[in-house]
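The following paragraphs lead the reader through one structure, beginning with its charged side chains and then turning to strands, rings and surface. The sequence and the structure come first.

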Amino acid sequence: MDSNLMKRAAGIAACNWVKDGMAVGLGTGSTVSHTVVELGRLISDEGLSIVGVPTSIATRDLALSVGVPLVGLSDVEILDLVIDGTDEFDPSFSLIKGGGGALTREKIVAQRSRAMLVVADETKQVQVLGTFPLPVEVLPFAWEVTMSRLSEICPGKVKLRGASQPFVTDNGGYIIDCDYQGVISNPKLLESEILCVSGVVEVGLFCGICDAVVMAGGKGVETLLKENGRIV
């Protein structure tokens, strides 16, 4: 099974956890886009009744195009479930997210949810986080100063995302990608350390939030459940 087929399989399988009446956070990225499309099909063909809260403009546009009704996060008391992708996940279900640049909105939505379900292919499963560059959203104001401070924390190179011009998030921020050279030994501690840097909006470490991973691989799709997680 090639990567695109694995992503599609995982994205569709995640819909098995969505039930009538739910308010669902809709993540951002190539894998979870298959989830959004499948939810649209379930709504139109099988009468599924849900509302969604998108984590990006791209997800909002996709959801509307396939008929998923949307509400704002402030319109619901709490989300029943958020389904999102990941760039890496480790055995403790800590994540690196932000490859698509939506990490800030994704974390806000995830923290407002009863449970978080991640969709991924088997290439995203790692023993230790850090091979994927860690995204950090920063304010455009004096971003060079913020990047300089991040370089003191990061053992590898840090660089502003974007070639000819900076990549701009849906929030108007910039993304600085930090190379941790394959090793983030204490994700929770690093998350706290980076968030203390002035100018940082959010960091793409999600610790203690993910409850399960729907993972597709060469042997099919399996669901990995976090011990004592919120998904049962």
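The side chains of E202 and K107 meet in a salt bridge, with 3.0 Å from N to O; the term stands for a side-chain nitrogen of Lys or Arg within 4 Å of a carboxyl oxygen of Asp or Glu. E202 belongs to strand β10 (residues 200-203) and K107 to helix α4 (residues 103-111), so this pair ties together parts of the chain that are 95 residues apart in sequence. Helices (H or I, at least four residues) and strands (E, at least two) are DSSP runs, numbered from the N terminus. Both E202 and K107 are buried, where buried means under 20% relative accessible area, exposed means over 50%, and partly exposed lies in between (1.4 Å probe, protein chains only).

The model is a predicted one, in which local features need pLDDT of at least 70 and side-chain atom pairs count only at pLDDT 80 or more, while totals for chains, interfaces and linings use all residues. Residues are numbered from 1 along each chain as its sequence is written, and side-chain values use heavy atoms, with hydrogens and water left out.

In general, side chains of opposite charge can pair when their charged atoms come close. The structure holds 14 salt bridges. One of them joins D121 to K124, with the closest N and O atoms 3.0 Å apart, and both of these residues are buried. Salt bridges that share partners also join E38, R41, D45 and E46 into one network. Within this network, the closest N and O atoms of E46 and R41 are 3.2 Å apart. E46 counts as exposed because its relative accessibility is 55%, whereas R41, at 32%, counts as partly exposed.

The strands may be considered next. An open sheet of 3 strands follows the order β4-β5-β11, with antiparallel pairing. Two strands are said to pair if DSSP finds at least two bridges between them. The edges of the sheet are β4 (88-89) and β11 (205-206), each of which pairs on one side only. Between β4 and strand β5 (residues 95-96), which run antiparallel, there are 2 bridges, and F89 stands opposite L95 in β5.

The loop between β4 and β5 contains F93. Its phi is near 70°, a positive value in a residue other than glycine. As a general rule, most residues other than glycine have a negative phi, and most peptide bonds are trans. F93 is buried, since its relative accessible area is 9%.

A second antiparallel arrangement involves strand β12 (residues 212-217) and strand β13 (residues 220-225), which pair over 6 bridges. The two strands form a hairpin with 2 residues between them, and A212 has L225 in β13 as its bridge partner. The segment after β13 includes N228, another residue other than glycine with a positive phi, here near 65°. N228 is exposed, with a relative accessible area of 77%. R230 is also found in the segment after β13 and counts as partly exposed at 40% relative accessibility. R230 and I209 are 21 residues apart in sequence, and their C-alpha atoms are 9.5 Å apart in space.

How many aromatic pairs does a search of the whole structure find? The search finds 1 aromatic pair. That pair consists of W143 and Y174 and is edge-to-face, with 6.4 Å from centre to centre and 70° between the planes. Rings of Phe, Tyr and Trp (its six-membered ring) pair if their centres lie within 6.5 Å; planes under 30 degrees apart count as stacked, over 60 as edge-to-face and the rest as tilted. The pair links distant parts of the chain, with W143 in helix α5 and Y174 in strand β9 (residues 174-178), 31 residues apart. Both W143 and Y174 are buried.

Rings also meet charges in this model. The charged end of K97 sits over the ring of F206, 5.6 Å from its centre, and the charged end of R161 sits over the ring of F167, 5.5 Å from its centre. A charge sits over a ring if NZ of Lys or CZ of Arg is within 6 Å of the ring centre and within 35 degrees of the ring normal.

One further feature concerns L139, which is placed in the loop between β7 (134-138) and α5 (143-153). L139 counts as partly exposed because its relative accessibility is 44%.
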